[in-house]
Amino acid sequence: MFDEEEKKLAKWKETIKKTVVSQDELELAIKQGFQRAKNVPKVKKRPYVKRGVWSVIVAAILLITLVASIRVIPAFANAVASIPGMEKVVALIQDNKGLQAAIDNEYYQLLNHSIEKDGVTLTLDGAIADEQEMIIFYTVKGFNEGEQFSGGLPQITGNEGEDIVIRASADSLNDVDGKGLEQASTVNVQFQEGINKSDFIFKVKLESDSRSIEYEIPFSIAKEKMPTIRYPINETVSIEGQKITIKQIEISPIKVGVHVFVDPLNTKEIFGFEDLRLIDDKGEIWSSITNGLVASGTSDYGKVYYLQSNYFEQPQGLTLTFNKLQAMDKNEAYVVIDTDKGIILEQPKDQRFTVKKTTHSLIELYLNGEKEFHHDPFNSFFDAEGKEIQSMGGGFSRNSDERIEISVRLLDEPYVNPIKLPLYGYPQWIEGKAEIKIK
């Protein structure tokens, strides 16, 4: 893969060979590159500052060593970030060094399939796939100035349209071109029985106030999928009297899955790990995924928590560690609201929730949280007769360091008040120390 890019770099190298550059000029260019990088203000979640300095460094390395191809550059991601189009991919995974390592090790497959409709072009840029899931990188460009498009979650099917996905999530990087006319995104899909085929169809519908565009693009995954590495653990630890068992760890090229079982006799509801991480024998750390799926449920007491992957590192020693869990007493882990009267009847004793507004199909609450709390507290809703009420979506936004605004839209159908909202997350924690040797 990347044959075209290698040809371009090889041609560039031949041009460089014919260029005479003094040692003083070379050293000055490197110093100027670093100084330029220091003077550029940092922009959150954008890699373009790095791209400037790394283009200088890569050029300097090429001048000094006259490398033969892209494959000998130590940090492959820094090289592809300077190739037109690939900087969008690097930007989307800049907070995930596991996926960066996949690119470093040439596990990314270039697709470059485009369809243009009504002046808007959608391009499947590439994909990273393992035995269980796939991340697809795609770009949409050609919006009219000021036009706001909303895209539904893309659908991935088999090549005959068959349903093969059990879970999907998406992330996006808006304003790629600085003008609001191009958007780069990813969709992450997990498959029902692993990926046992190579041909797929990508479908998505984009909508604005004035138009709706549907895309359907077939694509194939040609790369051989690397096998998942599994470590059976079955080790139990106790944090403030709460027992947690690490059942198994699965390491794939895309992510690490930590299979966890919590003791049903625990007095606290365990919502999640705040600092679950892998540490190798050199002190390198792989932490939770910041963009994408962070956990999935397997049963009432079992979950899989996901970390960035160290698949390509193959360390001699590896330890799983955590010190802080989000947890609260089980007998407080719910909220009861009368949506007709707009009042909270029951909630945890620290009284963090207040009502902003309620209707039969809308609940808006304030939560006095903590700076480090970034979790939607609700996931399911039940009426007074135990009937589950379907959610149509909601929002979670912080309007100050501590005040969080939560909204929930319910399916507009009959139900009996009051309704119960089991807590799925809450700003309370327990702390201890747990270290589990994996190898």
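The following exchange goes through several assignments in this structure and the criteria behind them.

Biologist: What kind of model is this, and how are its residues numbered?

Modeller: This is a predicted model, in which local features need pLDDT of at least 70 and side-chain atom pairs count only at pLDDT 80 or more, while totals for chains, interfaces and linings use all residues. Residues are numbered from 1 along each chain as its sequence is written, and side-chain values use heavy atoms, with hydrogens and water left out.

Biologist: Why is Val89 called buried?

Modeller: Buried means under 20% relative accessible area, exposed means over 50%, and partly exposed lies in between, with a 1.4 Å probe and protein chains only. Val89 has 1% relative accessibility and therefore counts as buried. Val89 is found in helix H5, residues 86-92, where helices (H or I, at least four residues) and strands (E, at least two) are DSSP runs numbered from the N terminus.

Biologist: Which residues is Val89 in contact with, leaving aside neighbours within four places in sequence?

Modeller: Contact means heavy atoms within 4.5 Å, and on that criterion Val89 is in contact with Ile103, Tyr108 and Phe137. In addition, the C-alpha atoms of Val89 and Tyr138 are separated by 8.6 Å, although these two residues are 49 residues apart along the chain.

Biologist: Ile103 belongs to helix H6, residues 97-104; which residues of H6 are buried, and what caps its N-terminal end?

Modeller: The buried residues of H6 are Gly98, Leu99, Ala101, Ala102 and Ile103. The cap is Asn96, with a side-chain oxygen 3.0 Å from the backbone nitrogen of Gly98; a polar contact is a pair of N or O atoms within 3.5 Å, where within protein one must be able to donate a hydrogen and the other to accept it, and residues adjacent in sequence count only if both atoms are side-chain atoms. Just after H6, Glu106 takes a positive phi of about 60°.

Biologist: What makes strand S18, residues 318-329, largely enclosed?

Modeller: In S18, 9 of the 12 residues are buried, so this strand is largely enclosed by the rest of the structure.

Biologist: How do you know that S18 pairs with strand S26, residues 429-437?

Modeller: Two strands pair if DSSP finds at least two bridges between them, and S18 and S26 have 7 bridges in the antiparallel sense, with Leu320 bridging to Ile436 in S26. Strand S13 (residues 268-273) is joined to S18 by 5 bridges, also running antiparallel, and Ile270 stands opposite Ala327. Strand S14 (residues 277-280) has 4 antiparallel bridges to S18, and Leu278 has Leu320 as its bridge partner.

Biologist: Why are S21 and S23 called edge strands?

Modeller: They belong to an open sheet of 4 strands in the order S21-S22-S24-S23, with antiparallel pairing. Strand S21 (353-358) and strand S23 (391-398) each pair on one side only, and are the edge strands. Within this sheet, strand S22 (residues 362-368) and strand S24 (residues 403-410) run antiparallel and are joined by 7 bridges, with Tyr366 opposite Glu405.

Biologist: What joins strand S11 to strands S10 and S12?

Modeller: S10 and S11 form a hairpin with 2 residues between them, and Glu240 in the turn has a positive phi of about 50°. S10 (residues 229-239) and S11 (residues 242-251) pair antiparallel over 9 bridges, with Tyr231 opposite Ile249. A hairpin through 3 residues joins S11 to S12, and 7 bridges link S11 with S12 (residues 255-262) in an antiparallel arrangement, where Ile251 has Val256 as its bridge partner.
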